[in-house]
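Here is a guided walk through one protein model, written for someone meeting it for the first time. Keep the 3D view open as you read.

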Amino acid sequence: MSPALGRRAFLGMTAGAGAALTLGAAGFSHLAGASTGRVLASTAPLPQPFTVPLPIPPTARPTRTEHGTDIYELEQREGRMTILPGLTTTVWGYDGIFPGPTLATRSGHPVKVRVHNNLTVPTVTHLHGGVTPPESDGYPTDLLLPARCAPGQSRDHTMGAHGGNTTTAYRTYDYPMAQQAATLWYHDHRMDHSAPQVWRGLAGFLLITDQEEDQLPLPRGERDIPVMLCDRSFNADGSFRYPDHAHDDFPDGVLGDVQLVNGAPWPVMEVSACRYRLRLLNGSNARRYQLRLDTEGGGHGRFVQIGSDGGLLPAPQRLDTIDIAPGERFDVLVDFADHPVGSRIHLRNLAADGPMREIMRFDVARAARDTTRIPTRLSTAYEDITPSGGVPLRTFDFRRTPTGEDRQMWTINGKPFHPDTVLARPRLGSVERWRFSSDFHHPVHVHLAQFQLTARGNRPPAAKDAGWKDTVDVRPYETVEALVRFTGYKGRYMIHCHNLEHEDMAMMANIQVT
Ligand code: C2O
Ligand code: CU
Ligand code: CU
């Protein structure tokens, strides 16, 4: 076994993996709503729920505009934040905050994001959901070295070992924004280290608006709320707790025991009795959620979904619960006028037990005038892309594969990631049929391309599978089929599992768009 393979492989049939494995194939079916992974318990005292107000990440301001391109500077650095009341957490944040600042962009208006790395580790920034040229897509070995790791200085093997396109000082990411209104997010994508680096805070929103969306009577301003769901664990001193040996001890994924929303534990938000837009993002490493709105009287609120990963749906649809896997976004409307002033509505995770069943609470504080409506039509950007003739069918099997010596790896089509191996060569401008299968919960994510689901488990896709998607949860022993459209750029991109521990254990593959 090569050293690289050894580092990413994990022990089979013992310790962490054992619990999941002994359930066997049959055991998974009733766990369809549960999470893949293992809880790392905090040693800090857990806070009282619903005491901290929901924070809204600040919106970044461009430092200047050059020839119609907005230039942003983001500095990756440590920042000290109060996440658990009375304790201080050092985060690794874009501009030292977690979540990072929200980039508010406009379809057709390119932006450049110049990232400075003042952390002590190399980083890679990826815009998830972005149609981005390959040099700016955040390929896992395209490292941005810490500023203090100057060229000529000796580098240890963790810095630039993979022969990628490494830079120091800063890196400028080009985001052309030639895509429809959507909720995107940016996050760290460093080879073998995305999970701990995102856990420590390297994630934020990027929102795109467009003319079509401008015309819609949707909630705006402070009634348009980005909602980043993440679970984390904390040490007694308030620092983030992450396993030293996640690959050996948490091969299935790391689950926290504190639920954060926009970086705050079990927050509360006072709302007016009117319609809000919630841009739900699952930014957790491994945790899956089944979301429901519960009133304290035993009733339920309802979600009206207006958007998916890639942007607005053609038409809204009502959902009583939302299954959301790591990396996925659901853009929803919630009308708090359905509930009398004074009501308290809990956003819950039905896929968890105990304190983690709660996420946050909305307190309906006051009556309000509401001029918004639920439009009957939303976007024309979702079109039928069913090709008339035959199209290539490619299969991607996400599975644990034994590597000998009692060790296993997370693999795609039996292989761990290798920078030189290309699993698919789709043509720019083409549509392909892709089939994903798995042995476990694997949120499958494709860079660059958005897709439309055509089947889940030999049946038509579920309501929650609607719209343009870039991430789809493939459940144990399930097959999902999608039509994938390649637009944008030629070059090297990836497909990978968005369970970040699986991703770091090499559950990734190259796609070369030709
Ligand atoms: Cu959100 Cu390749 O990642
Ligand atoms: Cu991505
Ligand atoms: Cu996975």
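The report below visits the metal sites, a buried strand, a pocket, an open sheet and some backbone details.

## Two copper sites

Please keep in mind that this is a predicted model. Let us begin with the copper ion (ligand 2). Its protein donors are the NE2 atoms of His126 and His445, which lie 1.8 to 1.9 Å from the ion. These two histidines come from distant parts of the chain: histidine 126 sits in strand β8 (residues 125–128) and histidine 445 in strand β30 (residues 442–446), 319 residues apart. Histidine 126 has a relative accessibility of 1%, so it counts as buried. Histidine 445 is buried too, because its relative accessibility is 0%.

The copper ion (ligand 3) is held by His442 through ND1, Cys497 through SG and His502 through ND1, at 2.0 to 2.1 Å. Along the sequence, these donors follow the spacing H-x54-C-x4-H. Histidine 442 belongs to strand β30 and histidine 502 to helix α6 (residues 500–504), so this pair ties together parts that are 60 residues apart in sequence. Histidine 442 and histidine 502 are both buried. Cysteine 497 counts as buried as well, with a relative accessibility of 0%.

What about other cysteines? Cysteine 274 is another buried one, at 0% relative accessibility. A search of the whole structure finds 0 disulfides.

## A strand enclosed by its surroundings

Now find strand β12 (residues 224–234). All 11 of its 11 residues are buried, so β12 is largely enclosed by the rest of the structure. Asp224, Pro226, Met228, Cys230, Arg232 and Phe234 point one way from β12, while Ile225, Val227, Leu229, Asp231 and Ser233 point the other way.

Which strands does β12 pair with, and in which sense? The table lists these partners, with one pair of facing residues for each.

| Partner of β12 | Sense | Bridges | Facing residues |
|---|---|---|---|
| β18 (residues 275–282) | parallel | 6 bridges | isoleucine 225 and leucine 278 |
| β15 (residues 258–261) | antiparallel | 4 bridges | leucine 229 and valine 261 |
| β13 (residues 240–241) | antiparallel | 2 bridges | serine 233 and arginine 241 |

Strands β12 and β13 form a hairpin with 5 residues between the strands, and there glycine 238 takes a positive phi near 95°.

## A pocket that β12 helps to line

Strand β12 also appears in the wall of the second largest pocket, where its 3 residues are the largest share of the lining. This pocket holds about 330 Å³ of space. Of its 17 lining residues, the closest to the centre are Thr59, Leu207, Gly221, Asp224 and Pro226. The elements that each supply at least two lining residues are β6 (100–106), β11 (203–209), α4 (211–214), β12 and β18. By class, the lining has 6 nonpolar, 4 polar and 7 charged residues.

## An open sheet

Elsewhere, 6 strands form an open sheet with mixed pairing, in the order β1-β27-β26-β29-β33-β31. β1 (10–11) and β31 (450–456) stand at the edges with a single partner strand each, so one side of each has no neighbour in the sheet. For β31, pairing with strand β33 (residues 479–485) is antiparallel and runs over 6 bridges. Here glutamine 452 stands opposite leucine 483 in β33.

## Backbone details

Most residues other than glycine have a negative phi, and most peptide bonds are trans. Which places differ from that pattern?

Asparagine 458 is not a glycine, yet its phi is positive at about 65°. It lies in the loop between β31 and β32 (471–474). With a relative accessible area of 79%, asparagine 458 is exposed.

Tyrosine 477, also not a glycine, has a positive phi of about 60°. Its place is the loop between β32 and β33. Tyrosine 477 is partly exposed, with a relative accessible area of 46%.

Finally, the peptide bond from phenylalanine 98 to proline 99 is cis, with omega near -5°. Proline 99 is found in the loop between β5 (89–94) and β6, and β6 is one of the elements that line the second largest pocket.

Technical notes:
Residues numbered from 1 in each chain as written. Chains lettered and ligands numbered in written order. Predicted model: local features only at pLDDT ≥ 70, side-chain atom pairs only at ≥ 80, totals over all residues. Heavy atoms only, no water. Donors = N, O, S within 2.8 Å, 3.2 Å for Na, K, Ca; no water. Buried < 20%, exposed > 50% of the residue type's maximum accessible area, 1.4 Å probe, protein only. Pairing = 2+ DSSP bridges. Disulfide = S-S within 2.5 Å. 1 Å grid on protein atoms, 1.4 Å probe; cavity = no way out; pocket = protein on both sides within 12 Å on 5 of 7 lines; lining within 4 Å. Points joined across faces, edges and corners; volume = space filled by probe spheres on them. Nonpolar A, V, L, I, M, F, W, Y, C, P; charged D, E, K, R; others polar.
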